[in-house]
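Subject: Handing over the structure

Dear colleague,

I am passing this structure on to you, and below it you will find an account of what turned up when its charges, its surface and its backbone were examined. Please read the account with the sequence and the structure open beside it.

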Amino acid sequence: AAWNITEEPFMKNQTLFDNLKLRAGYGISGNAMGFDVYSSYNTYGATGTFTYDGKLYRTYAATKNANPDLKWESTGMLNIVLDFAFLNGRVNGTIEVYNKKTKDLIWSYPVPTTQYVYGWIDANVGEMTNKGWELNVNARDVIKVGKLRISANFNISQNFNEIVDMDES
């Protein structure tokens, strides 16, 4: 959603901004990276070879443990952006604040083979947040000498990434 603030009645007579727009967005998406069709099932496959009585034989063993509770990771993201322009559009830019939260992180961790057929299991074990802000400023024709035009762009940001929870239970 976007709201062009400069079109509002209380901003009609101002002369500072050529454009001032507030935008916001929110969405949830799923991620199945490393999550294939058989990720929640026991799987078996060729794991090696051995020789017996002069003949080479292939060995088969477990390659994955079943986890019927395994599900996709889900990520919710909120971002709020302020677009601005002034000096007849010669200076413009954006200020953005965002907050992203990922739940049900998929992780593979070791398990005892006395309880499982394979030594590792894939599970939904954690939660992660990613928050931050970004400022972009573009200045057109900062220096004009004859036909020479010099413009400048500036970008600064700060990001905070945190593993909120990592539980192998």
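Before the first finding, one definition is needed: a patch is built from residues that have over 30% relative accessible area and no salt bridge, and like charges are joined into it when they lie within 9 Å. Please also keep in mind that this is a predicted model.

In that sense of the word, Arg90, Arg140, Lys144 and Arg149 together form a positive patch on the surface. One of these residues, Arg140, belongs to strand E7, and its relative accessibility of 41% makes it partly exposed, so it passes the cut-off of over 30% that a patch requires.

The next residue to look at is Asp141, which is also found in strand E7. Is Asp141 buried or exposed? With a relative accessible area of 19%, Asp141 counts as buried, because the limit for that class is under 20%. Although it is buried, Asp141 has no salt bridge, and the nearest side chain of opposite charge, that of Arg149, is 4.1 Å away; the pair is not counted because a salt bridge requires a side-chain nitrogen within 4 Å of a carboxyl oxygen. When neighbours within four places in sequence are left aside, the contacts of Asp141 are with Arg90, Arg149, Ile150 and Ser151, and two of these names, Arg90 and Arg149, appear in the positive patch as well.

The backbone of Asp141 deserves a remark too, since its phi is near 55°, a positive value in a residue that is not glycine. As background, most residues other than glycine have a negative phi. Leu87 is another non-glycine residue with a positive phi, of about 55°. Leu87 sits in the loop between E5 and E6, and there it is exposed, with a relative accessible area of 52%.

Turning to paired charges, side chains of opposite charge can pair when their charged atoms come close. How many salt bridges does the structure hold? There are four, and three of them are described here, beginning with the one between Asp83 and Arg23, whose closest N and O atoms are 2.7 Å apart. Asp83 lies in strand E5 (residues 73-86) and Arg23 in strand E2 (residues 17-31), so this salt bridge ties together parts that are 60 residues apart in sequence. Asp83 is buried, at 13% relative accessible area, whereas Arg23 is partly exposed, at 33%.

Another salt bridge joins the side chains of Asp122 and Lys64, with 2.7 Å from N to O. Here too distant parts of the chain are linked, 58 residues apart, with Asp122 in strand E7 (residues 120-145) and Lys64 in strand E4 (residues 55-64). Asp122 is a buried residue, its relative accessibility being 13%.

A further salt bridge is made by the side chains of Asp104 and Lys71, at 3.7 Å from N to O. Asp104 is in strand E6 (residues 91-110) while Lys71 is in the loop between E4 and E5, and the two are 33 residues apart. Both partners are partly exposed, Asp104 with a relative accessible area of 24% and Lys71 with one of 45%.

The surface also carries a nonpolar patch of about 1,200 Å², whose members include Trp3, Phe10, Leu22, Tyr26, Leu78, Trp133 and Phe160. Strands E2, E5 and E8 (148-166) each contribute at least two residues to this nonpolar patch. Trp133, for its part, lies in strand E7 and is partly exposed, with a relative accessible area of 30%.

Finally, there is Asn4, whose place is in strand E1 (residues 2-4) and whose relative accessibility of 21% makes it partly exposed. Which residues does Asn4 contact, once its neighbours within four places in sequence are left aside? They are Asn19, Leu20 and Lys21. In the case of Leu20, which is 16 residues away along the chain, the C-alpha atoms of the two residues are separated by 6.1 Å.

With good wishes for your reading of the structure.

Conventions
Residues numbered from 1 in each chain as written. Predicted model: local features only at pLDDT ≥ 70, side-chain atom pairs only at ≥ 80, totals over all residues. Heavy atoms only, no water. Helix = DSSP H or I, 4+ residues; strand = E, 2+ residues; numbered from the N terminus. Buried < 20%, exposed > 50% of the residue type's maximum accessible area, 1.4 Å probe, protein only. Patch = residues over 30% accessible without salt bridge, like charges linked within 9 Å, V, L, I, M, F, W, Y side chains within 5 Å. Areas by Shrake-Rupley, 256 points an atom, 1.4 Å probe, with all protein chains shown as cover. Lys, Arg positive; Asp, Glu negative; His and termini not counted. Charge placed at Lys NZ, Arg CZ, Asp CG, Glu CD. Contact = heavy atoms within 4.5 Å.
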